[in-house]
Amino acid sequence: MNTYFVKSFEEDFTTKMLMGKKKRSFQTLDDILATKTIKPNTKSFGQKKRLSTTILHKNYTETYRPQGIIFQTSSSPKYILPFDLVLLSDAKEIVVHYYRIKDNLHVYYNHKLIKGFEEFIFKDISLMLKRFNSPQSAWKAVNAFRKKNGYELLPRSKHRLVEYNEAVFLNPVKIKPIALFGYRKKARTLANKYGLRYFKSAKDFYERTCG
């Protein structure tokens with residue numbers, strides 16, 4: 001079975017990196033497609049700089065942002081989580097959309113992970129799916145974990161953060177570009193420009209390709 005990865009982008013189709021207190025453009029789509037490489041761009045929660053992606057699966061077809069690139073790679077993620085890593089942090093107020101705290105992102109990223117977070121780290125997607133075959137099971141487990149460690153339960157408004165898995169690479173990843181997705185016109189325009197397939201969402205791609 002083919003494995004498809006997603007790297008979501010902000011609306012300008014670039015990856016970003018926190019430099020000082022500001023988030024700056026790090027890698028453009030043009031550079032990604034020219035080099036067929038996506039570089040690690042996230043440094044947060046006391047972890048090594050990493051590239052966070054999502055592996056598409058019938059129970060995990062959502063993405064962090066509504067536009068991005070779908071790709072394949074011969075590289076294997078260093079580890080996989082059944083949800084966004086932020087749910088394992090000690091942040092008192094977990095934010096679903098980082099753009100809402102763009103002026104304080106450096107403070108937010110400085111939070112630490114809750115002791116014992118490693119129980120949600122998996123070496124591959126099959127092991128993760130054996131324990132968490134759906135966002136619903138992951139939601140229950142992470143809330144139980146947070147409660148056990150003295151943290152507040154997550155309100156339903158944070159559920160979107162368990163609707164996609166997080167597959168993490170620590171080194172630049174050589175990719176085979178497959179498609180671009182996004183509901184805005186820009187995604188279709190860029191797909192045409194680069195000769196890639198276009199889909200309105202990663203879910204749309206998965207259902208049409210793997211469904």
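In which sense do strand 5 and strand 8 pair, and over how many bridges? The two strands pair in the antiparallel sense, over three bridges. The structure is a predicted model. This briefing covers its nonpolar cores, then strand 5, then helix 5.

**Nonpolar cores**

- The largest nonpolar core has 48 residues. Leu29, Ile69, Phe83, Leu87, Leu88 and Leu180 are those with the most contacts inside this core.
- Several elements give two or more residues to this core, among them helix 1 (29-35), strand 5 (51-55), strand 6 (67-72), helix 3 (125-131), strand 8 (166-169) and helix 5 (185-194).
- Helix 4 gives the most to this core, with five residues.
- Apart from the largest core lies another one, of eleven residues, which include Val6, Ile178, Phe199 and Phe205.
- In soluble globular proteins, nonpolar side chains tend to be buried together.
- Leu88 touches Leu81, Phe83, Lys112, Leu113, Ile114, Phe117, Phe120, Val142 and Phe145, when residues up to four places away in sequence are not counted.

**Strand 5**

- Strand 5 is mostly covered, and five of its five residues are buried.
- Leu51, Thr53 and Ile55 point one way from the strand, while Ser52 and Thr54 point the other way. Residues pointing either way are buried.
- In a regular strand the side chains alternate between the two faces of the sheet.
- Strand 1 (residues 5-8) is joined to strand 5 by two bridges, and these strands run antiparallel. Phe5 has Ile55 as its bridge partner in strand 5.
- In the pairing with strand 8, Thr53 stands opposite Ala167.

**Helix 5**

- Ala187, Leu190 and Ala191 are buried in helix 5. These residues lie on the same side of helix 5 because they cover an arc of only 105° around the axis.
- An α-helix has 3.6 residues a turn, so residues three or four places apart point the same way.
- Helix 1, strand 10 (176-182) and strand 11 (197-199) are among what covers the buried residues of helix 5.
- Lys185, Asn192 and Lys193 are exposed, and they sit on the face of helix 5 turned away from its buried side.
- Gly195, just after helix 5, takes a positive phi of about 70°.

Key: Residues are numbered from 1 along each chain as its sequence is written. This is a predicted model: local features need pLDDT of at least 70, side-chain atom pairs count only at pLDDT 80 or more; totals for chains, interfaces and linings use all residues. Side-chain values use heavy atoms; hydrogens and water are left out. A nonpolar core is a set of buried Ala, Val, Leu, Ile, Met, Phe, Trp, Tyr and Cys residues joined through side-chain atoms within 4.5 Å. Buried means under 20% relative accessible area, exposed over 50%, partly exposed in between (1.4 Å probe, protein chains only). Helices (H or I, at least four residues) and strands (E, at least two) are DSSP runs, numbered from the N terminus. Contact means heavy atoms within 4.5 Å. Two strands pair if DSSP finds at least two bridges between them. The arc is that of the directions from the helix axis to the C-beta atoms.
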